[in-house]
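Work through the exercises below with the sequence and the model side by side. Try each task before you read its solution.

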Amino acid sequence: KVRCTWSTWSAVGNLTPRAGVAFAGGSTYERMVSALLCHLYLAHADDTNVPCGPSDGRSVTEQRQRGVALYAAGRPAAADLCLTSALARVTAQLESLAAEAEAIRAYRMARQASPDGPVSGGAEGCLVGADGSQVCLGALAGRAEPAPSSSLAVADGVGVDDVAGCTSQAEALAFLQRIERGECHRGACDAAPAALEEGLLVAARRHWWEAARGVVGVLRGVPSFQISTHGRRALTEIRDGAGSVLSLLRQTSLDEATISCAVQWAQGESSVHLNVKFAARLDAPVTVLNVDNEEVSINASHVTFRGLGRQKPKVYTLNIELFGEVDAAASNWSFGSVGTVRFVLQKAERGEWKRLTKGADKVKNHRVWWEHQEKVQAEDRARRKAEREAAEAAERAEQLEQEGREKAEREKAEAEEKAARRATQAAALEAALASLRQLAAGGAASAEGSAEGGDEGSAEGSAEGSAE
């Protein structure tokens, strides 16, 4: 009368059967004794007496755990039975959910296609589709819906704060939908654009492209939002990495060919300009827009380039031994318009090159870049004119400076000459003043002698004094 299963007991010493397990018997005492006997039976029974099956009373989780335990105990046959039973039950649940999801999808599409379409069945909620068939949801109403668990809550995007915390793309999409509806968890609706951008990178790295597009849709609602340089670089690396892998996958033994790139070149007095096309001929149509895994080398005498075409998995190369030497440190390169790469080489010495390559043999896919040649020559003329004007201005400035120095020296010499002349004149003046003082002293003495000599001598003395 007692149906013994592993789900009878929750713990040793607990004589209360689990929910959903029925015991035959009337009184509580009988049920307790039956439970005790069942416990003793299960504790000492062999594993083969406790098989797994759709009607054994175990849940899917318990069947999985039982299968693991049986594998560990060296009973693979019994373990396979448990896991097969768990798989069958999960598969049945998924098929049921898939059928229900398809019915909901069909109902929604029918309602969107015909919002005011005829409804039949009353409580059944059936719609008449465009093809005349009925789409009903009433048959699903009576189905028991599993109780929501914490995992289901997370799958709806309720318990997460950002895309990085999601465990699946469906969960990330549900989280983004809740943001758009304003139903966010712990203020996730107010997430900064930087956090959303990080979520975009997480979705891209996990290859959740639909979720990534959803994040972009949310970011477009942020005023004046611009993705950061770091974010753009990270997305570009993901794109380039995937593109390089696809190129390698597309490459076969027939595709493993090396193409020597066609080159246009122009030169100026101090520089050489190269326009390298990812094709064997300059007049060939553009089939490769860009390359991956590029390798570039510029030294004093050589320029080399190698890259794998992204649209066409062929290797495109360039190897030129230059006519003259260049300054590698001052030279540079960059990708030009679609399907090209450009080099600007600075000559080590100014002058005109007879040709691009050191060898005298003509290279069939090398041509002069006439359009750019005119531009380079015009730039050289403008540079020479600017240099000439700068030299003339410097010469004028030097001349003015020299004239200023000469004028200052003349003025200094004149000032010194005036000073010397004044010094000489001052000495002469001083001598003249001394002589005048002596004369004045002599005249005074003569006057005194005239007064003492009388009247006779005074006339004669006066005449002599006046003569002196």
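The exercises cover strands, aromatic rings and salt bridges.

This is a predicted model, in which local features need pLDDT of at least 70 and side-chain atom pairs count only at pLDDT 80 or more, while totals for chains, interfaces and linings use all residues. Residues are numbered from 1 along each chain as its sequence is written, and side-chain values use heavy atoms, with hydrogens and water left out.

**Exercise 1. Strand pairing**

Task: Work out in which sense strand 7 and strand 8 pair, and over how many bridges.

Solution:
- Start with the terms. Strands (E, at least two residues) and helices (H or I, at least four) are DSSP runs, numbered from the N terminus. Two strands pair if DSSP finds at least two bridges between them.
- Find strand 7 at residues 291-298 and strand 8 at residues 302-309. They pair antiparallel, over six bridges.
- Check one bridge: Glu-295 has Arg-306 in strand 8 as its partner.
- Look at the connection. Three residues make the hairpin from strand 7 to strand 8.
- Move on to strand 9, residues 315-321. Strand 8 runs antiparallel to strand 9, and seven bridges join them. In one of these, His-302 is matched with Glu-321 of strand 9.
- This hairpin, from strand 8 to strand 9, has five residues.

**Exercise 2. Aromatic pairs**

Task: Classify the ring pair formed by Phe-278 and Tyr-316.

Solution:
- Know what to look for. A pair of aromatic rings is described by the distance of the centres and the angle of the planes.
- Apply the cut-offs. Rings of Phe, Tyr and Trp (its six-membered ring) pair if their centres lie within 6.5 Å; planes under 30 degrees apart are stacked, over 60 edge-to-face, and the rest tilted.
- The whole structure has five aromatic pairs. In the one between Phe-278 and Tyr-316, the centres are 6.1 Å apart and the planes meet at 50°, a tilted pair.
- Place the two residues. Phe-278 sits in the loop between strand 6 (271-277) and strand 7, and Tyr-316 in strand 9, so the pair ties together parts 38 residues apart in sequence.
- Both Phe-278 and Tyr-316 are buried (under 20% relative accessible area; exposed is over 50%, partly exposed in between; 1.4 Å probe, protein chains only).
- Compare another pair. Trp-333 and Phe-335 have ring centres 5.5 Å apart and planes at 80°, so this pair is edge-to-face. Trp-333 is partly exposed at 32%, and Phe-335 is partly exposed at 38%.
- Finish with the cluster: Phe-278, Phe-305 and Tyr-316 belong to one aromatic cluster.

**Exercise 3. Salt bridges**

Task: Find where Asp-240 and Arg-310 lie, and how many residues separate them.

Solution:
- Begin with the rule. A salt bridge is a side-chain nitrogen of Lys or Arg within 4 Å of a carboxyl oxygen of Asp or Glu. The structure holds 14 of them.
- One joins Asp-240 and Arg-310, at 3.5 Å from N to O. Asp-240 is in helix 9 (residues 229-250) and Arg-310 in the loop between strand 8 and strand 9, 70 residues apart.
- Asp-240 is partly exposed at 23% relative accessibility, whereas Arg-310 is buried at 18%.
- Now take a pair within one helix. Arg-383 and Asp-380 form a salt bridge at 2.5 Å, N to O. They are three residues apart in helix 10 (residues 370-467), so about one helical turn separates them.
- Arg-383 is partly exposed at 21%; Asp-380 is buried at 6%.
- Widen the view. Asp-380 and Arg-383 belong to a salt-bridge network with Glu-269, Arg-350, Arg-384 and Glu-387.
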